[in-house]
Protein chains: 2
Amino acid sequence: MTVAQAFDYIRKHGVDKETIYTCYVMDATRRLEGVVTVKDLLMNPYEVAIGDIMDAHVIKAVTTEDQEAVADSFRKYGLLSLPVVDHEDRLVGIVTVDDVVEVMEQEATEDFEKMAAMIPSEKPYLKTSVFQLAKNRIMWLLVLMISSMVTGGILARYESAFALIPLLVTFIPMLTDTGGNAGSQSSTMIIRGMAVGEIGTKDVFRVLFKELKVAILVGLILGLVNYVRLIILYPGQEMLCLTVMLSLLITVIVAKTIGGILPIAAKVFHMDPAIMAAPLITTIVDAVSLIIYFKLACRLLGL
Amino acid sequence: MTVAQAFDYIRKHGVDKETIYTCYVMDATRRLEGVVTVKDLLMNPYEVAIGDIMDAHVIKAVTTEDQEAVADSFRKYGLLSLPVVDHEDRLVGIVTVDDVVEVMEQEATEDFEKMAAMIPSEKPYLKTSVFQLAKNRIMWLLVLMISSMVTGGILARYESAFALIPLLVTFIPMLTDTGGNAGSQSSTMIIRGMAVGEIGTKDVFRVLFKELKVAILVGLILGLVNYVRLIILYPGQEMLCLTVMLSLLITVIVAKTIGGILPIAAKVFHMDPAIMAAPLITTIVDAVSLIIYFKLACRLLGL
């Protein structure tokens, strides 16, 4: 077949095809041999044979491949379409770039949902029933509620401490919230970085050191602001102020380290980072920060 | 110009163009007159005039338009490229689908970052300096830390209550965490739904009623599980168990309602829902849930 014949073929059969700009060359058994674009056809003389201008190294997908991997190919090579072959390398379909745009959006939406502790929904929000929405949300809420009872159990062990100094209790929300926020910042950046292919499991130490340094910097600022505030509010109670400041600093460091490492660890164990890391981070950080806080309080305040 | 002439023109000038499949028809002053695709050219006889087959209703973007709006056009119309015109309707450039894929990914990443209380970063994580990362994260951490001091202030008002019944304190993490999780579930779904154009400000009442119903369903299950657990752990303390159960139910309802409405409210006031709603939801829900909890405790336990 020559370029001129290819144009005739397209003119005859192309009208109802989804894409005509990328043409796949097959042998008699539908086995994929090469690819030629309409641009190639237009840039070559009419009498040239297709076999001479086609690209035999076709970027393709196998029917069993995950849609995420296919989206990655589009991203990497800037493709407009991609042939799908079966295990005998026979062409069975074509994926076009608008399908991929949809897949990418869907994947991002799923990650948003997983990271907010939900089972991803099949349909858009307004078209999902109340019962289905509740079903998607209740499972993680239950799991996280039960885990936060563990945190409550930690508090119960220090009942005597806050019976003695009730003021200690009032710093709990600030401590756990800041820890949770610091941790989610890190886990979100790492989970997203892994989703778009920027961060891999090999980067674990780079992430660890980066998060450590950021945590120390950020933790020092937060601790200092807190210390100044407390020393003004509660003059003469230096040890209490020190307890809160140190707890905050250590909490932020632990939170950011766990937040950076947990998603990568999930990946190593072939689990979904968005599910395993994001919803759990707050609960883990809560428990850790309270242990640090009360251990420090008991030591520094002599309880 | 006829179809045949158009092909000759493409053969001569197309080799170094980023896209040749969509051709824009301009008048002598570069004013955009219409659009014709290579597919149109291939599906029409060689002697037809371009003016007769071109589409005069061109979907286009103006140079000052936001990249998000441009991405929306691609999504909506399944385009491969889009002409960009200045305010005199003169063609000044072309946006292709691979640019848009990048923009969409970037927008999703920014939303992830904003929702985790960070200022979006310009560069990928591994290429961003420790100092820049710390700078992007500290602002919101400070704001949220100071807001959670308000929550601490609420606790301080009830010091006498938990000095009397220290057990009350141990339910605080469970209550605030569950409330926070329930709220983020709702706000995440609504923020994402608005980002992909599924939910608009006109849907405020549909969202409100849906979230209310889901909240009641989910809140009842969570409250019941809690009640059963507590009645086993603390036999004879029915009023305490009732206080925790009711607080949880009301917290979940309030959290999901605020989580559903806050992003839409942000949009109405021309603020970014991802920034205004997501980081704040936990802090707001924390404060509200603690007020509910201690008010109920004082009433039901006669403190």
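Which residue takes a positive phi in the hairpin of β4(B) and β5(B)? I looked this up before anything else, and I found B:Asp89, with a phi near 65°. Five residues lie between the two strands of that hairpin. I note here that the model is predicted.

**Entry: the sheet in chain B**

I followed the strands outward from that turn. Strand β4 (residues 81-85) of chain B is joined by two bridges to strand β3 (residues 61-62) of chain B, and the two run parallel. I picked out one pair: B:Val62 has B:Val85 as its bridge partner in β4(B). On the hairpin side, β4(B) pairs with strand β5 (residues 91-96) of chain B over five bridges, in the antiparallel sense. There I noted B:Val84, whose bridge partner in β5(B) is B:Gly93.

Put together, these strands make an open sheet of three with the order β3-β4-β5 in chain B, and the pairing is mixed. I marked β3 and β5 of chain B as the edge strands, since each pairs on one side only. As background, I wrote down that strands of a sheet pair through backbone hydrogen bonds, either parallel or antiparallel.

**Entry: the strands of chain A**

I then turned to chain A, for which I counted twelve helices and five strands. Strand β3 (residues 61-62) of chain A pairs with strand β4 (residues 81-85) of chain A in the parallel sense, over two bridges. In this pair A:Val62 is matched with A:Val85 of β4(A). β4(A) also pairs with strand β5 (residues 91-96) of chain A, in the antiparallel sense and over five bridges. I found A:Pro83 opposite A:Ile94 in β5(A). The hairpin of β4(A) and β5(A) has five residues between its strands, and A:Asp89 takes a positive phi near 65°.

I also looked at strands β1 (residues 22-26) and β2 (residues 32-37) of chain A, which run antiparallel and are joined by five bridges. A:Tyr24 has A:Val35 as its bridge partner in β2(A). β1(A) and β2(A) form a hairpin with five residues between them, and the residue with positive phi in the turn is A:Arg30, at about 65°.

**Entry: overall form of chain A**

How is chain A divided? I read off domain 1 (3-104) and domain 2 (130-300). Their centres, taken over C-alpha atoms, are separated by 50 Å. The C-alpha trace of chain A spans about 95 × 45 × 30 Å along its principal axes. I compared the radius of gyration, 29 Å for chain A, with the value near 19 Å for a compact globule of 303 residues.

Buried residues make up 44% of the 303 residues in chain A. Of the contacts in chain A between residues at least 6 apart in sequence, 65% join residues at least 24 apart.

**Entry: A:Leu164**

Is A:Leu164 buried or exposed, or in between? I found A:Leu164 in helix α7 of chain A. A:Leu164 counts as partly exposed because 14 other C-beta atoms lie within 10 Å, while a buried residue needs 20 or more and an exposed one has 12 or fewer. I also checked A:Leu164 against A:Met43: they are 121 residues apart in sequence, and 85 Å apart in space from C-alpha to C-alpha.

**Entry: where the chains meet**

How many residues of chain A are in contact with chain B? I found 81 residues of chain A in contact with 81 residues of chain B. The elements that give two or more residues to the chain A side include α1 (3-13), α2 (38-43), α5 (97-115) and α6 (130-157) of chain A. Also among them are α7 (159-164), α8 (172-195), α9 (204-233) and α12 (278-300) of chain A. The largest share comes from α6(A), with 15 residues. By class, I recorded 49 nonpolar, 16 polar and 16 charged residues on the side of chain A that touches chain B.

**Entry: the core**

The largest nonpolar core has 169 residues. I noted A:Val252 and B:Val252 as the residues with the most contacts inside that core. I then listed what B:Val252 touches, not counting residues up to four places away in sequence: B:Thr178, B:Gly179, B:Ala182, B:Ala215, B:Val218, B:Gly219 and B:Leu222. A general remark to close the page: in soluble globular proteins, nonpolar side chains tend to be buried together.

Note on methods
Residues are numbered from 1 along each chain as its sequence is written. Chains are lettered from A and ligands numbered from 1 in the order in which they are written. This is a predicted model: local features need pLDDT of at least 70, side-chain atom pairs count only at pLDDT 80 or more; totals for chains, interfaces and linings use all residues. Two residues are in contact if their C-beta atoms, placed from the backbone, lie within 7 Å. Helices (H or I, at least four residues) and strands (E, at least two) are DSSP runs, numbered from the N terminus. Ala, Val, Leu, Ile, Met, Phe, Trp, Tyr, Cys and Pro count as nonpolar, Asp, Glu, Lys and Arg as charged, and the others, Gly among them, as polar. A nonpolar core is a set of buried Ala, Val, Leu, Ile, Met, Phe, Trp, Tyr and Cys residues joined through C-beta atoms within 7 Å. Domain bounds come from an automatic or database domain assignment. The radius of gyration is taken over C-alpha atoms; the globule rule is 2.2 Å times the number of residues to the power 0.38. Two strands pair if DSSP finds at least two bridges between them.
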